[in-house]
Amino acid sequence: MKEDKIAVLIDADNVPYANIKEMLDEVTKYGNPTIKRIYADWTKPTVSGWKGVLLENAITPIQQYSYTSGKNSSDSALIIDAMDLLYSNKVNGFCIISSDSDFTRLATRLREAGMLVIGMGERKTPQPFITACDKFVYIEILKSGSNYIRHNKRIKETDQKGDSSASDLNDKSSIIKVIKASIDEISDDDGWAYLGELGNFILKKQTDFDPRNYGYQKLYPLLQSISSLEFEERHAADNKVKSVYVRNES
């Protein structure tokens, strides 16, 4: 299977540098980051923190002077480079690392051209940019030593956002509704939905969906934590391959 080549384009003005290694490690889940560029006016002290991590992560800095006060000319440089790379046929996908909605149209255009588009940014990222990507990952869940992973906690529909026992990044009740509706939409006549299809289907509806947002590394543990779901394991004829199916409680 041929691995996708990913161009990683970083907006230095709108993302923190502290977790760049985790960001790049995340990109490798989707392909090989063959091009890594970061855009800023490197004469500004506000981006000085990036300079120490560029060499060790093999990221190429692109200098773009701010010709006009209040205007972010590095955004334009990133967009121009992205379009050049699109027509160069050197990559199969893009990862745009920014929390800026200015890249919404770029992400849309790249997807129209058949490119895989991954977005990464902080939780403050505007929804239009998130929705424009095939997949959007919040930087907060990539932080080393995160205390997001919990075990043996059942999620109830009665859990409320802000409850002391519900300290997840997102409101649980909203994702439970999405999961249950998605199961109904792709299930067979008996209500069973194949786990392997469910995650991709949810992602098409909600591009920032990620089990890590709710404290779980994988989809299956997240689903197991929802008290109103049933599970069934089915084995292939050779009894070696196991498939998991899920349905809503009747």
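Biologist: Happy to look at this one with you! In which sense do strand E4 and E5 pair, and over how many bridges?

Modeller: Glad to help, and do keep in mind that this is a predicted model. Strand E4 covers residues 93–97, and one of its residues, Cys95, has Ile118 of E5 as its bridge partner. The pairing of E4 with E5 is parallel, over five bridges.

Biologist: What is the handedness of the β-α-β crossover from E4 to E5?

Modeller: On leaving E4, the chain passes through helix H4, residues 104–112, before it reaches E5. With the strands pointing away from the viewer, a path that runs clockwise from the first strand over the helix to the second counts as right-handed. This crossover is right-handed.

Biologist: Nice. Which residue in E6 does Ile118 stand opposite?

Modeller: E5 also pairs with strand E6, residues 135–138, in the parallel sense over four bridges. Helix H5, residues 127–132, joins E5 and E6 in a right-handed β-α-β unit. In E6, the residue opposite Ile118 is Lys135.

Biologist: Why is E5 described as largely enclosed by the rest of the structure?

Modeller: Buried here means under 20% relative accessible area. E5 spans residues 116–121, and it is largely enclosed because the number of its six residues that are buried is five.

Biologist: Which residues of helix H1 are buried?

Modeller: H1 runs over residues 20–27, and six of its eight residues are buried, so the helix is largely enclosed by the rest of the structure. Their cover includes strands E1 and E2, helix H2, and E4, E5 and E6. The buried residues are Ile20, Glu22, Met23, Leu24, Glu26 and Val27.

Biologist: Now for the rings! How are the rings of Phe136 and Tyr138 arranged?

Modeller: The structure holds seven aromatic pairs. In this one, the ring centres are 5.6 Å apart and the planes stand at 70°; planes over 60 degrees apart count as edge-to-face. Both Phe136 and Tyr138 are buried. Their arrangement is therefore edge-to-face.

Biologist: How far apart in sequence are the parts that Tyr220 and Phe231 tie together?

Modeller: These two rings also form an edge-to-face pair, as their planes are at 65°. Tyr220 is partly exposed at 23% relative accessibility, and Phe231 is partly exposed at 28%. Since Tyr220 lies in helix H8 and Phe231 in strand E8, the parts tied together are apart by 11 residues.

Biologist: One last thing: which charged end sits over the ring of Tyr138?

Modeller: Tyr138 belongs to a cluster linked by ring pairs, together with Phe103, Phe129 and Phe136. At 4.2 Å from the centre of the Tyr138 ring sits the charged end of Arg123.

Note on methods. Residues are numbered from 1 along each chain as its sequence is written. This is a predicted model: local features need pLDDT of at least 70, side-chain atom pairs count only at pLDDT 80 or more; totals for chains, interfaces and linings use all residues. Side-chain values use heavy atoms; hydrogens and water are left out. Buried means under 20% relative accessible area, exposed over 50%, partly exposed in between (1.4 Å probe, protein chains only). Helices (H or I, at least four residues) and strands (E, at least two) are DSSP runs, numbered from the N terminus. Two strands pair if DSSP finds at least two bridges between them. Contact means heavy atoms within 4.5 Å. Rings of Phe, Tyr and Trp (its six-membered ring) pair if their centres lie within 6.5 Å; planes under 30 degrees apart count as stacked, over 60 as edge-to-face and the rest as tilted. A charge sits over a ring if NZ of Lys or CZ of Arg is within 6 Å of the ring centre and within 35 degrees of the ring normal.
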